[in-house]
Every structure is written in structure tokens, then in C-alpha cells.
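Student: Could we go through this model together? I have some short questions about its helices and its core.

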Amino acid sequence: MIDGRQIRAARAMLGWSREELLQASGISMSALLRMEGALADSRSSTLNKVVKALSLAGIEFVTRDDGAIGVILKAQKPPQAPQ
């Protein structure tokens, strides 16, 4: 399960504001605030929208067997010059 801290960390790594994540994911501000604050279990469909938006931007969510969690920003390939 993705933790609210991972969502906040992912936004920080991308330099995204909450508004930018809302635009990319199509969820409401109240849903995002609940997710990031872990105030309530979010619906899986809402969480999936957030995970998809962040994953498309290059974020990988990590959960280790020992319970450690985190996020990784995948290396972006430099644009190739037109040929």
C-alpha cells in the first residue's frame, strides 16, 4: 500500500505542487489531502489515479520486505537529436 509520505516525497522529487498532481491525476483536493495526511483510507480507484500519474512522470514506489518505504525518481533519457 502506498503511504501518504511517499506521495508527498514523490511530489517533492518531481517539484510538483498539489495542484499539478491534481491536474495530472484528475482527483479532488480533498481526496489528495486525505491521502497525504493519511486521515482516511482512500478508494483504490483514487489511489490508482495518483500512482499512475506519478509513475508516468518517472516515480517508482518502493516497499521493502523489512517494511521500509520510499520513492525513486527514474533517470530520464536525454532527448535524442532529430536525424
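Student: Which residue follows α3, and what is the sign of its phi?
Tutor: Alanine 38 follows α3, and its phi is positive, near 55°. Helices here are DSSP runs of H or I with at least four residues, strands are runs of E with at least two, and both are numbered from the N terminus. This is a predicted model, in which local features need pLDDT of at least 70, side-chain atom pairs count only at pLDDT 80 or more, and totals for chains, interfaces and linings use all residues. Residues are numbered from 1 along each chain as its sequence is written, and side-chain values use heavy atoms, with hydrogens and water left out.

Student: Which residues of α3 are buried?
Tutor: In helix α3 (residues 29-37), the buried residues are Ala31, Leu32, Met35 and Glu36. Buried means under 20% relative accessible area, exposed over 50%, and partly exposed in between, with a 1.4 Å probe and for protein chains only.

Student: Why are they on the same side of α3?
Tutor: Because they cover an arc of only 125° around the axis, where the arc is that of the directions from the helix axis to the C-beta atoms.

Student: And what covers them?
Tutor: The cover includes α1 (4-14), α2 (18-25) and α4 (44-56). Contact means heavy atoms within 4.5 Å.

Student: Turning to α2 and α4, at what angle do they pack?
Tutor: The angle is about 105°, and the axes are 9 Å apart. Axes are lines fitted to C-alpha atoms, for helices over the stretch in contact, and angles run from 0 to 180 degrees between N-to-C directions. The two helices are therefore roughly perpendicular to each other, a term for angles of 65 to 115 degrees.

Student: Which residues make that contact?
Tutor: From α2 come Leu21, Ala24 and Ser25, and from α4 come Lys49, Val50, Ala53 and Leu54.

Student: What about the largest nonpolar core: how many residues has it?
Tutor: It has 15 residues, and those with the most contacts inside it are Ile7, Leu21, Ile27, Val50 and Leu54. Such a core is a set of buried Ala, Val, Leu, Ile, Met, Phe, Trp, Tyr and Cys residues joined through side-chain atoms within 4.5 Å. The largest share, four residues, comes from α4.

Student: What does leucine 21 touch?
Tutor: Not counting residues up to four places away in sequence, leucine 21 touches Ile7, Arg11, Trp16, Gly26, Leu32, Val50, Ala53 and Leu54.

Student: Finally, what is the pattern along the chain?
Tutor: The protein chain reads α-α-α-α-β-β.

Key:
Angles under 35 degrees count as roughly parallel, over 145 as roughly antiparallel, 65 to 115 as roughly perpendicular and the rest as oblique.
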